[in-house]
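Me: Please take a close look at one part of this model for me. I'd like to know how it is put together and what packs against it.

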Amino acid sequence: MTDARTPPATPRTILLATDLSSRCDRALDRAASLAARWDARLIVVNVIEPSRRDADDLPSWRRLSDPRAAAEARVRRDLPATLRTLDVRVAEGDPADAILAIAAAEGVDLIITGVARDEALGRHLLGATVERLVRRAAAPVLVVKRRPRPYEELLVATDFTPASQHALGTVAGLFPDARLTLMHGWEVPFPGFQDNPRFRDDLRAELARHSDVFVAAARIAEARRPALQVLIEHGAPERLVRDYMNDRDVDLVVIGAHGGGAPFDGRLGAVARRILEAAPGDVLIVREPRA
């Protein structure tokens, strides 16, 4: 298992995990765009299943084909020739293990992947494979869902923990020109308090105090603090995130994940999973560095 670390403000190395299907085209375009913006090295990883068929069982035109060379040719065909450094890797075996091994060996600063479900990245990408990447990868993981365009507003989902504070500081460094919106969704813990206005007002006031302390300690530039929008809203966090991204046409939501264990265990983990699955746009999962 790799150790978490704080990525540089400008990533030097990006890893794109792709199954070469159309479902990963948006992730490929986003990776190329970010690599060009940051002048970063781009490593493209395609994981193929080990061959279990004899060459004699294959059609004649496939017996002469090298799957690794074919995959590299497809990647280079689809990426712009202007990228400064492009490194294509084709591996065999378990997708998550192969991706993580390359990411660790190359000191990758950001992992990008799409929402493929049936190919080399696993039957349910938003389940086991992404969970394993987030739990074990040292770098943030960007799950791309929308067509690439500049991230003009960054929505950071927060529960006021150090993990989400680290996520806010990380994304503020990655995209220094984007607007920042911090969102906390709260729900009444006991049904009996649902219609108690005093309890709801007291809870809102307490959450506002937590927000002030959280923002004051956040690692963001002083010039950006006055424009930081803070939303403390009643409702399920995944529903609030979904509706805000749709209503305001926001392309990216950021989630902080704990560094000390599986990020999808417990209440925070369940919320993170629901946001990941419900968000209509891209999701950046930033893992808190281990102590």
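Reply: Strand 2 (residues 41-48) and strand 3 run parallel, joined by eight bridges. Strands here are DSSP runs of E of at least two residues, helices are runs of H or I of at least four, and both are numbered from the N terminus. Along this pair, V47 stands opposite A91 of strand 3. Before going on: this is a predicted model, so local features need pLDDT of at least 70 and side-chain atom pairs count only at pLDDT 80 or more, while totals for chains, interfaces and linings use all residues. Residues are numbered from 1 along each chain as its sequence is written, and side-chain values use heavy atoms, with hydrogens and water left out.

D87 is a handy place to look at this pair, as it sits in strand 3 (residues 85-92). Leaving out residues up to four places away in sequence, D87 touches R41, L42, I43 and V44; contact means heavy atoms within 4.5 Å. D87 has a relative accessible area of 17%, so it counts as buried. The cut-offs are under 20% for buried, over 50% for exposed and partly exposed in between, using a 1.4 Å probe and protein chains only.

L42 comes up again from the helix side. A32, in helix 1 (residues 25-38), touches L42, L79, P80 and L83, again without residues up to four places away. A32 is buried too, at a relative accessible area of 7%. A32 and P148 are 116 residues apart in sequence, yet their C-alpha atoms are 9.7 Å apart in space.

Now zoom out to the whole sheet. It is an open sheet of 10 strands with mixed pairing, in the order 3-2-1-4-5-10-9-6-7-8. Strand 3 and strand 8 are the edges, each pairing on one side only. On average, neighbouring strands of this sheet are turned by 25 degrees against each other, direction ignored. Two strands count as paired if DSSP finds at least two bridges between them. Axes are lines fitted to C-alpha atoms (for helices, over the stretch in contact), with angles from 0 to 180 degrees between N-to-C directions.

Moving along that order, strand 1 and strand 4 run parallel and share four bridges, with L15 partnered by I111 in strand 4. I111 also has a partner in strand 5, namely V141. Strand 4 and strand 5 (residues 141-143) run parallel as well, held by three bridges. In a regular strand the side chains alternate between the two faces of the sheet. Strand 4 is covered on both: L110 and I112 on one side, I111 and T113 on the other, are all buried.

As for what lies on the sheet, helix 4 (residues 95-106) crosses strand 1 (13-17), strand 2, strand 3 and strand 4 (110-113), at about 155 degrees to strand 2. Helix 8 (residues 237-248) lies across strand 6 (153-157), strand 7 (179-186), strand 8, strand 9 (252-257) and strand 10 (282-287), at about 145 degrees to strand 7. In the loop between helix 8 and strand 9 you'll find D249, which has a positive phi of about 55 degrees although it is not a glycine. With a relative accessible area of 46%, D249 is partly exposed. F160, in the loop between strand 6 and helix 6, is also a non-glycine with a positive phi, about 65 degrees, but F160 counts as buried at 18% relative accessibility.

Helix 6 itself is mostly covered, with 10 of its 13 residues buried, including H166, L168 and A172. A172 is among the contacts of R224, along with F175, P176, A178 and L180, not counting residues up to four places away. R224 lies in the loop between helix 7 (197-217) and strand 8 (229-234). R224 is buried yet has no salt bridge, as the nearest side chain of opposite charge, D177, is 7.2 Å away. A salt bridge needs a side-chain nitrogen of Lys or Arg within 4 Å of a carboxyl oxygen of Asp or Glu; Lys and Arg count as positive, Asp and Glu as negative, and His and the chain ends are not counted.
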